[in-house]
Amino acid sequence: MITLQKKNGRIIDPQREVPCLGEYDVVVVGGGMAGIGAAIASARKGCKTLLVERESALGGLATLGLVNIPLDFSAGIGKEMLANLDAVEGHWHRNSDPEKHKLILDRMVTGAGVDLLLVSHVVDAIVDKGRICGVVLENKTGRQAVLASRVVDASGDADAAFFAGCECMSGRKSDGKNQACSLEFRLGGVDWDKYNASELKKNDPSWLKLIEKAVAEGDMPYAIDNHLNWVTHVPGRPQHCGQDEISMCFAHSRNCRPLDAKDLTRMYLEGREQADILWKFIRKCVPGYENCYLIDTGTLLGVRESRRVVGEYVLTTLDFARAQQFDDVVCLTGHHYDLHNPDGPGNIKWAAETINGQTHYVSTHGQYGSWAPPGNAELSDGFGRKGKDFQRKTLPSSIPYRSLVPAKIDGLLVAGRCLSSEFMAQAGCRLVLTCLNMGQAAGTAAALSLKHDIQPRKVDRVELQHVLLKDGCDLGQKYWEIPGLEGELATLETSTRT
Amino acid sequence: MKKYVIDRGCKACDACYWACPKKAIYVDQQGAHIEQEKCVHCGICYESCANEAISVYEE
Ligand SMILES: Cc1cc2nc3c(=O)[nH]c(=O)nc-3n(C[C@H](O)[C@H](O)[C@H](O)COP(=O)(O)OP(=O)(O)OC[C@H]3O[C@@H](n4cnc5c(N)ncnc54)[C@H](O)[C@@H]3O)c2cc1C
Ligand code: SF4
Ligand code: SF4
């Protein structure tokens, strides 16, 4: 209880004593893909680890957000997770069953010896002389503190890092607007075979023409989005009998402020209204969906980008396009710029960058997305080459360890979509398995820093990479040599992106 | 022998490009295509396509 005291229109929350839940080697904030990787890696290295998640299940966007396409390099803990999903018929064609996925994650996390605390929101950080030494959380029990030698912030929104006083970025440079958010939904009663064999799927797979027609004829009151982002078949259900279940990314909120509870509320309400419009339009207009019904919308809104911490290194937009090789690489991504238009429909797959004093519209693989650059300008590759000289990116982009280490605060690492990166670089570094792989690197680094009693920024990258390689991670050894690890690389099996 | 063909509404997401161990796939404005002479029929691309745009034909 606090006694009401007002000052300048604000309420005074006086200093208070809070019970301490415990003392841990490593506390991981957020149980999404990045948090899973970090907590499992840290516990397996012998650290007493606590994973704090504000929702009632693990997986973050990949389960509660219904983002059931775990894409990117499958290696280390990610590969193990997919194998576990395969074993329960929860994974097929890179589509996962969000419900089975939650259970697999519960088992993996508790099986690794992680202490798990669900329904607990981290609301503050405890800092001593520039070093984070714990977090404050709130849950049904009230307000509690947890002490930690190392904290990994995998909250997606860099909450813990922000509370600890780290410098953070959010949104695009020009106007601070974040990427569009999307509330996913699932439909049942779908004849998937019929849809898959349809002319629509073959000739207009993103439904561009269909949506234009629907808006013109009043089946959709406005173009919620100008294209279907994706639709996937949820595995492990009745199949080929007209009763399939699908998951869809189509709803699209604009001018989003995902760090503001009021605007999050607006987007949840809007997302549910959009799903209601969309499933009825789909039932009327899309072959195979004639008997479909809405199962649910995501528990978590699909926030693609919010806060990004400023780290020892800020991964740049051009690093990403050029597949810049970093000596301290800790994970890879094969993605491209994937920006969901902050203030209009559609997606944008190029970045306006200055190369040799000139503006270039840079793409990694030669695709525009929904919108061509201004004046229909030609696309350039990461080095400014155009036309017949344009070269698509043939090497994966690397994420350096320094992008997981906040510049200011000690004792802290970040992982997942809040990595230290420019806006458009983050637009290419946020796939499900990319985040998990970053988490594994951060959790392993936290353990090494404790083993040697040094700060995370001082961790020897060769030792970290050595451990990650032994644990099955992919550092691009198939593509390039990593200084200091030459001998070892030849003996290791390489991973695949499937 | 199984023949893999991208003919069911490719969305040019690039996933199969990275998955193919033989670099037998290229992506242009129309989407992804398999260069049949480079393909070793391993089926990895088929599994990697979350959009089920790749068909398998028995030859
Ligand atoms: C609409 C949409 C479509 C996408 N499509 C694809 C796709 O097709 N393929 C693909 O691979 N990727 C896709 N992505 C990207 C991918 O899903 C995410 O980037 C990735 O899952 C993020 O993982 P994360 O662990 O960094 O963050 P999150 O999944 O956001 O996890 C953060 C976790 O932390 C918890 N948390 C947050 N704040 C606190 C706090 N203060 N205290 C305690 N817990 C907290 C949250 O509840 C959550 O569980 C998509 C993303 C979106 C939004
Ligand atoms: S079947 Fe194998 S070799 Fe052929 S295109 Fe697909 S992944 Fe490449
Ligand atoms: S994975 Fe499928 S949708 Fe993506 S580029 Fe390949 S064929 Fe097209």
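**Two domains of chain A and two buried loop residues**

Chain A of this predicted model is divided into domain 1, which spans 20-171 + 398-489, and domain 2, which covers 185-297; these bounds come from an automatic or database domain assignment. The model is predicted, and local features need pLDDT of at least 70, side-chain atom pairs count only at pLDDT 80 or more, and totals for chains, interfaces and linings use all residues. Residues are numbered from 1 along each chain as its sequence is written, chains are lettered from A and ligands numbered from 1 in the order in which they are written, and side-chain values use heavy atoms, with hydrogens and water left out.

The C-alpha centres of domain 1 of chain A and domain 2 of chain A are 31 Å apart, and the contact between them (heavy atoms within 4.5 Å) draws 15 residues from domain 1 of chain A and 13 residues from domain 2 of chain A. Together the two domains of chain A bury about 1,100 Å², with 61% of this on carbon and sulfur atoms, where buried area is the accessible area (1.4 Å probe) lost by two parts on being put together, summed over both.

Across this interface there is one salt bridge by the rule, which asks for a side-chain nitrogen of Lys or Arg within 4 Å of a carboxyl oxygen of Asp or Glu. R237(A) forms a salt bridge with D97(A), and their closest N and O atoms are 2.5 Å apart. On the domain 1 side of chain A that touches domain 2 of chain A, strand 5 (91-92), strand 6 (95-96) and helix 3 (98-111) each supply at least two residues; helices (H or I, at least four residues) and strands (E, at least two) are DSSP runs, numbered from the N terminus.

Elsewhere in chain A, S306(A) sits in the loop between strand 15 (293-297) and strand 16 (307-309). S306(A) counts as buried because its relative accessibility is 0%, buried meaning under 20% relative accessible area (1.4 Å probe, protein chains only). Not counting residues up to four places away in sequence, S306(A) touches several residues, among them G156(A), D157(A), N178(A), P258(A) and R417(A).

In chain B, A24(B) lies in the loop between helix 1 (15-19) and strand 2 (25-28), and A24(B) is buried, with a relative accessible area of 2%. The C-alpha atoms of A24(B) and I34(B) are separated by 5.7 Å, although these residues are ten residues apart along the chain. Leaving aside neighbours within four places in sequence, A24(B) is in contact with H33(B), I34(B), E35(B), K38(B) and C39(B).

Terms used. Buried means under 20% relative accessible area, exposed over 50%, partly exposed in between (1.4 Å probe, protein chains only).
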